[in-house]
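Welcome, and please get your viewer ready. We will go from stop to stop, selecting one thing at a time.

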Amino acid sequence: MAPTVERKQIDITPLKKANVPIIFIVGGPGSGKGTQCERIVKKYGLSHLSSGDLLRDEVKSGSARGGQLTKIMEAGELVPLEVVLDLVKEAMLKEVAKGSKGFLIDGYPREVKQGDQFEAEIMPARLALYFEVAEETLVKRCLKRAETSGRVDDNAETIKKRLKTFMQSTTPVVDHYAKKGKLVKINAEGGVDEIFGVVQQHLDKIFK
Ligand SMILES: Nc1ncnc2c1ncn2[C@H]1C[C@H](O)[C@@H](COP(=O)(O)OP(=O)(O)OP(=O)(O)O)O1
Ligand SMILES: Nc1ncnc2c1ncn2[C@H]1C[C@H](O)[C@@H](COP(=O)(O)O)O1
Ligand SMILES: [Mg+2]
């Protein structure tokens, strides 16, 4: 049975009041989510929150919870939903206080339940952008990134486990948002500029 995680009481009224568009960014490990988000931020000025970065920051903070998180991430598994959702909420609130125009929630949802809970507790996402990349390319990109990233999960063994987690838990997310008519599937095998060109075609419709 999954361990019970104590939830924090987080008042998200300012987030609901802000009512800005939320875009989920989905894709396998190394699919280019972070890379494309950087480009999106430059052009559209949105707030970029990567759930993986928030978790790595929690680890760096040296909290007791951080120690547990490292083990999960080294194993290529998913961190409990409540832990991630609370970190995301807190980070969103900080951005709203600065006057956010909208959010890119990168690496989220990793499973259907995560998305449903986010949308029930915060608000519905406008779109889910899915960067589709073949497994072989994902492995190559993560191994190349390993040369400089210092990430505990950029190694051949963990990449294999992350791919398995992605196939089992995250690919159903793609169908879930397709059924809701909110999915934008982008072939992300090409170059960064080429992919960003396609991203812009979709985001230009939302952010004028
Ligand atoms: N279109 C591309 N072509 C070649 N390399 C790319 C492309 N996009 C990103 N990269 C490089 C940059 C990084 O070194 C690596 C992974 O990209 P990154 O944006 O960090 O992926 P990601 O955020 O989806 O991975 P993760 O889920 O592991 O955080 O691949
Ligand atoms: N949304 C998430 N749910 C559960 N676990 C997560 C989530 N986002 C990140 N994680 C964990 C598990 C991942 O392997 C690592 C690294 O994330 P990444 O998005 O690849 O930086 O963190
Ligand atoms: Mg990333």
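A polar contact here is a pair of N or O atoms within 3.5 Å. Keep that cut-off at hand for the ligand stops, and bear in mind that this is a predicted model.

**Stop 1: the whole chain.** Start with the protein chain in cartoon view. You should find nine helices and five strands, and from the N terminus on they follow the order α-β-α-β-α-α-α-β-α-β-α-α-β-α. The radius of gyration is 16 Å, close to the 17 Å that the globule rule gives for 208 residues, so the chain is as compact as a globular protein of that length. If you want to set your clipping planes, the C-alpha trace spans about 45 × 45 × 30 Å along its principal axes.

**Stop 2: ligand 2.** Now select ligand 2 and show its surroundings. There are 16 residues around ligand 2, and the closest are Ser51, Arg56, Val79, Gln114 and Arg151. Which element gives the most to this shell? Colour helix H3 (residues 51–60): H3 contributes four residues. By class, the shell of ligand 2 holds six nonpolar, four polar and six charged residues.

Next, draw some distances. From an N or O atom in the side chain of Arg56 to an oxygen atom of ligand 2 you should read 2.8 Å. Arg110 also places a polar side-chain atom 3.1 Å from an oxygen atom of ligand 2. At Gly107, pick the backbone instead: a polar atom there is 3.2 Å from a nitrogen atom of the ligand. On its own, ligand 2 has 470 Å² of accessible area, and the protein covers 96% of it. Switch on a surface, and you will see ligand 2 taking up the space of the largest pocket.

**Stop 3: ligand 1.** Move on to ligand 1, which also sits in the largest pocket. Its shell counts 16 residues, with Lys33, Thr35, Arg145, Arg162 and Gly190 the closest. Helices H2 (33–44), H7 (135–149) and H9 (192–203) each supply at least two of the shell residues, and H2 has the largest share, with three. This shell is made up of three nonpolar, eight polar and five charged residues.

Which distances are worth drawing here? Take the side chain of Lys33, where an N or O atom is 2.6 Å from an oxygen atom of ligand 1. The side chain of Arg151 has an N or O atom 3.0 Å from an oxygen atom of ligand 1, while a polar side-chain atom of Arg141 lies 3.5 Å from a nitrogen atom of ligand 1. Taken alone, ligand 1 exposes 620 Å², of which the protein buries 76%.

**Last stop: Arg151.** Finish by selecting Arg151 with both ligands shown: Arg151 is among the closest residues to ligand 2, and its side chain also reaches an oxygen atom of ligand 1 at 3.0 Å.

Key
Residues numbered from 1 in each chain as written. Chains lettered and ligands numbered in written order. Predicted model: local features only at pLDDT ≥ 70, side-chain atom pairs only at ≥ 80, totals over all residues. Heavy atoms only, no water. Near = heavy atom within 4 Å. Polar contact = N/O pair within 3.5 Å; in protein donor to acceptor, adjacent residues only side chain to side chain. Areas by Shrake-Rupley, 256 points an atom, 1.4 Å probe, with all protein chains shown as cover. 1 Å grid on protein atoms, 1.4 Å probe; cavity = no way out; pocket = protein on both sides within 12 Å on 5 of 7 lines; lining within 4 Å. Sits in = over half its atoms within 2 Å of the grid points. Nonpolar A, V, L, I, M, F, W, Y, C, P; charged D, E, K, R; others polar. Rg over C-alpha atoms; globule rule 2.2 N^0.38 Å.
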